[in-house]
Amino acid sequence: MNAGYGHQGIVDAAAEQMLRLPYATNYFHFGTEPAIKLAAQLADLAPGDLNHVFFTLGGSDAIDTIIRLVRYYNNSLGLSDKKHFIALEKGFHGSGSNGAGLTALPVFHEKFDLPMPWQHHIPSPFPYRHPEGPDGHMIIEASVAALHQKVDKVGKDNVAAFICELVQGSGGVVVPPEGFAKAMENACRELDILFIVDEVITGFGRTGPMFGCEHEGLEPDFMTLAMGLTSGYSPMGAALVSNHIYDVIADSQPPGVPLGHGLTYSGHPVSAAVGLEVLRLYQEGGLIENCQRVGPYFEKRLSEFKDHPLIGDVRSKGLLAALELVTNKTTKEKPAADKNIGPRLARAGYENNLIFRANADATIALAPPICIVESEIDLLIDRLEKTLELVMDIKE
Ligand SMILES: Cc1ncc(COP(=O)(O)O)c(C=O)c1O
């Protein structure tokens with residue numbers, strides 16, 4: 001809920017669209033006005049030449065759309081061996097039957113026969129627990145080397161793409177060292193593999209700028225969006241495709257033959273109308289500006305927890321943050337499994353009127369609406385302090 005609750009303008013935009021045209025097919029070269037306008041605005045705002053937009057219902061189908069398009073692109077070029085994907089450990093790329101194998105969280109794999117043989121992972125650039133950490137340069141060097149090694153092992157001609165989030169959200173809000181993503185983009189160019197950025201969480205001001213890619217001037221071949229696109233008021237995601245990919249796919253289609261990819265509710269006009277109003281709020285409504293203003297305050301207040309006896313690591317980028325709990329700050333030991341820390345933390349937060357994601361590995365993840373103001377951040381911090389008091393016994 002990037003924009004927060006209760007925006008009458010968003011409700012009005014949806015209601016007006018429902019009266020004018022609640023739905024029309026987007027197959028057979030049809031399109032609806034709000035979806036066309038939203039695609040054009042996203043193409044204008046997105047980095048590089050990401051000028052083509054395929055709308056989905058959320059993040060998972062945006063990832064699966066991109067996997068399909070990467071295959072189609074390489075097959076169109078006659079590069080039919082380029083089928084393997086490399087992702088990061090701790091990464092999350094949704095629950096699609098393809099994307100869930102690029103996700104690298106054990107519960108998304110076990111008993112689901114994942115990852116598939118064409119899905120590979122390299123270590124997460126996690127400063128707090130990386131063997132080369134916390135030195136950012138060393139982590140970046142190790143990550144680039146790991147990508148090269150993986151490509152060597154799988155075979156250069158067999159690797160299609162590397163995919164990553166810019167902050168690993170579900171994996172515990174892992175904030176890579178500055179320069180990591182650019183170094184990985186450069187490595188992809190050198191290795192001749194496509195570079196895909198999953199901005200489902202980081203898109204739309206969450207880390208400061210409109211898109212996380214702007215921090216390091218990234219120009220990926222593909223980018224995903226969801227969540228902030230409609231600010232949760234209705235479902236919608238997007239796969240953004242760069243010109244050079246689009247052109248190869250379009251040129252390889254025989255005249256009159258459609259590309260066999262579509263979703264009944266792709267570009268749903270009501271969600272698109274919501275998206276247009278939300279995009280207006282980001283820009284004219286000052287939401288992105290607000291995130292840039294209060295993000296540093298949020299990060300500063302959270303950093304006070306570095307001295308807390310239970311907190312081993314505080315990590316944040318804009319209004320996306322995590323506190324990692326440990327029982328020993330020197331050895332970084334995690335709470336024992338029988339302390340059941342995840343559910344206990346969630347309950348303790350709830351009792352203090354604070355809802356957050358409490359990961360089983362003892363991490364509190366925070367992503368407040370980007371309309372949050374300083375006094376609400378102070379309230380959040382107070383409640384967080386009280387929440388931690390309720391779990392002090394995990395050290396025993
Ligand atoms: C980085 C990232 N990619 C993809 C997804 C999947 O999105 P959805 O739940 O909308 O399918 C998520 C969801 O949390 C995500 O965080």
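This is a short chat about pockets, a strand hairpin and cysteines in a predicted model.

Visitor: How much space lies in the largest pocket?
Guide: About 1,200 Å³. The pocket is lined by 32 residues, and those closest to its centre are Asn 26, His 29, Phe 54, Tyr 246 and His 261.

Visitor: Which elements give two or more residues to that lining?
Guide: Helix 2 (33–45), strand 1 (50–56), helix 3 (59–76) and helix 7 (243–252). The largest share is from strand 1, which gives five residues.

Visitor: What is the lining of the largest pocket like by class?
Guide: It has 18 nonpolar and 14 polar residues, and no charged ones.

Visitor: And the second largest pocket, what volume does it have?
Guide: The volume is about 950 Å³. Of its 34 lining residues, Met 1, Ile 355, Ala 367, Pro 368 and Pro 369 are the closest to the centre.

Visitor: Which element gives the most to the lining of the second largest pocket?
Guide: Helix 11, with four residues. Strand 11 (363–366) and helix 11 (374–389) each supply at least two.

Visitor: How many charged residues are in that lining of the second largest pocket?
Guide: Four, alongside 20 nonpolar and 10 polar residues.

Visitor: Which domains does the lining of the second largest pocket draw on?
Guide: Domain 1 (8–283) and domain 2 (289–391), with at least three residues from each.

Visitor: Changing topic to strand 8. Why is strand 8 largely enclosed by the rest of the structure?
Guide: Because five of its seven residues, in the run 311–317, are buried.

Visitor: How many bridges join strand 8 to strand 9?
Guide: Six, and the two strands run antiparallel. As one example, Ser 316 has Ala 321 in strand 9 as its bridge partner.

Visitor: What sits between strand 8 and strand 9?
Guide: Two residues, so to speak the turn of a hairpin; Gly 318 is in that turn and has a positive phi of about 60°.

Visitor: Now cysteines. How many disulfides does a search of the whole structure find?
Guide: Zero. Cys 188 is in no disulfide, and the nearest cysteine sulfur, that of Cys 164, is 7.8 Å away. A disulfide would need the two sulfur atoms within 2.5 Å.

Visitor: Is Cys 188 buried or exposed?
Guide: Buried, with a relative accessible area of 0%.

Visitor: What about Cys 291, which cysteine sulfur is nearest?
Guide: That of Cys 371, 10 Å away, and Cys 291 is in no disulfide. Cys 291 also counts as buried, because its relative accessibility is 1% and the cut-off for buried is under 20%.

Definitions and conventions
Residues are numbered from 1 along each chain as its sequence is written. This is a predicted model: local features need pLDDT of at least 70, side-chain atom pairs count only at pLDDT 80 or more; totals for chains, interfaces and linings use all residues. Side-chain values use heavy atoms; hydrogens and water are left out. On a 1 Å grid over the protein atoms alone, a cavity is a set of points where a 1.4 Å probe fits but cannot get out, and a pocket is an open set with protein on both sides within 12 Å along at least five of seven lines; lining residues have an atom within 4 Å of a point. Grid points are joined across faces, edges and corners, and a volume is the space filled by probe spheres set on the points. Ala, Val, Leu, Ile, Met, Phe, Trp, Tyr, Cys and Pro count as nonpolar, Asp, Glu, Lys and Arg as charged, and the others, Gly among them, as polar. Domain bounds come from an automatic or database domain assignment. Buried means under 20% relative accessible area, exposed over 50%, partly exposed in between (1.4 Å probe, protein chains only). Two strands pair if DSSP finds at least two bridges between them.
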